[in-house]
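The following exercises concern the cysteines of one protein chain. Each task is followed by a worked solution.

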Amino acid sequence: MADGQRGIASEAKGAEQPAEKPVLTAATLEAEAASQACGPLTDAFFQISPEIVALFPRFQFPVDLYRLNDAAQSLCRIYEAGRRLEQSSRSRLLDLCGQGLLFVSRGQREIYGSYLTGQLDFVLQDSNLSPRDAAQSLYRSLSARLVAFMARPEAATFAPLASDLDICLICLERDSSLVREFICTVHDKSLPQSKDLNAGLIALAILSTYSGGRLPGPEIAPAALGFLIHDVGMCRIPRFIVNKPTGLALSDRQRIRTHPQLALDIVKELKLDDPRLTAPILEHHERLDGSGYPKGLKAEAISILGRICAVGDAYAAMISDRPHAQGRRPIQAAAELVRDCRHFDRTASTALLSLLQDVTC
Ligand SMILES: [Fe+2]
């Protein structure tokens, strides 16, 4: 990185603002920008869309903004995060943004991404987002939607989850490389990790390998939903059982074993009965040798979607940190699943291992 670039990149990290700085007018915005350090335009910055700026607080933007000098291909900071704007300076920034001249540091992409959470249609429109940025925005939003649905599984929380998942599937259909970016989000501790979402995304990634690396369009939506909400029945198991710090009594284990059926009751209440959605829910604890539950199904009696979800669910549990032990490393966990072909489908677990060996996060 060139010295000038390092200069403006490091400025981007310090977003705190002293409250006493005066409100920026269009004139002071330009005057202050003239005294700022500049650096070359590199991949450390990305162009910001007017639609995203419109989501920011009206007179106080949350990220530093850099103006492109097209002739010199350099960037100079024109706005410091948190500075108060008035109408003229805001209009000036929106005008520059409309001309495609405003950029944001990738160092602040977490703040930027937080404005996309719950507004995922902008991810579809924003061609400036890298696949990794898009996957992280999708992950954050899906994670929040899934937490809300698991806490209160009803139509009001289901609709936004299904809507975000649709956007996720459209993105995957457009760019199959996103599958690998999603695998990276599953292992990214800086994101609001959700075991249920991780299991669902891993199952979705495995399913993509069954059709040559591409998800076959919108018809995959019921299966993807089933993967995501496979454990929703756990919300009807009392917390004092789920959170027991020591070993569970036989009666506790029997109660927990009812969660696939409880989940089926919930999705029926939501008028969801597509077998592609219910199979992962009902069968993710079935095991090939018949030792699983709730029905003790064996081998081919378990659907492909159920077997894939079993691998996704087990993998997400294996890589999760627990109070008494750290989660297993990704390749180690997948290799264990491949070896355990008495319980888990070898095609599905081998596909997961290959995917993990192929990603660079
Ligand atoms: Fe489960």
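A disulfide is counted here as a pair of cysteine sulfur atoms within 2.5 Å. The model is predicted.

**Exercise 1.** Determine how many disulfides a search of the whole structure finds, and state their pattern along the chain.

*Solution.* The search of the whole structure yields two disulfides. With bonded cysteines counted along the chain, the pattern is 1-2, 3-4.

**Exercise 2.** Characterise the disulfide between Cys 184 and Cys 361.

*Solution.* Step 1: the S to S distance is 2.0 Å, which meets the cut-off of within 2.5 Å. Step 2: the torsion about the S-S bond is about -85°, so this disulfide is left-handed. Step 3: the pair links distant parts of the chain, 177 residues apart, with Cys 184 in helix α9 and Cys 361 in the segment after α18. Step 4: Cys 184 is buried, at 9% relative accessibility, whereas Cys 361 is exposed, at 61%.

**Exercise 3.** Repeat the analysis for Cys 38 and Cys 76.

*Solution.* Step 1: a disulfide joins the two residues, with S to S 2.0 Å. Step 2: the torsion about the S-S bond is about 110°, so the disulfide is right-handed. Step 3: Cys 38 lies in strand β1 and Cys 76 in strand β4, 38 residues apart. Step 4: Cys 38 has a relative accessible area of 34% and is partly exposed; Cys 76, at 19%, is buried.

**Exercise 4.** Which cysteine sulfur is nearest to that of Cys 171, and is Cys 171 buried or exposed?

*Solution.* Step 1: the nearest cysteine sulfur belongs to Cys 168, 6.8 Å away, and Cys 171 is in no disulfide. Step 2: Cys 171 has 7% relative accessibility and counts as buried.

Methods. Residues are numbered from 1 along each chain as its sequence is written. This is a predicted model: local features need pLDDT of at least 70, side-chain atom pairs count only at pLDDT 80 or more; totals for chains, interfaces and linings use all residues. Side-chain values use heavy atoms; hydrogens and water are left out. Helices (H or I, at least four residues) and strands (E, at least two) are DSSP runs, numbered from the N terminus. Buried means under 20% relative accessible area, exposed over 50%, partly exposed in between (1.4 Å probe, protein chains only).
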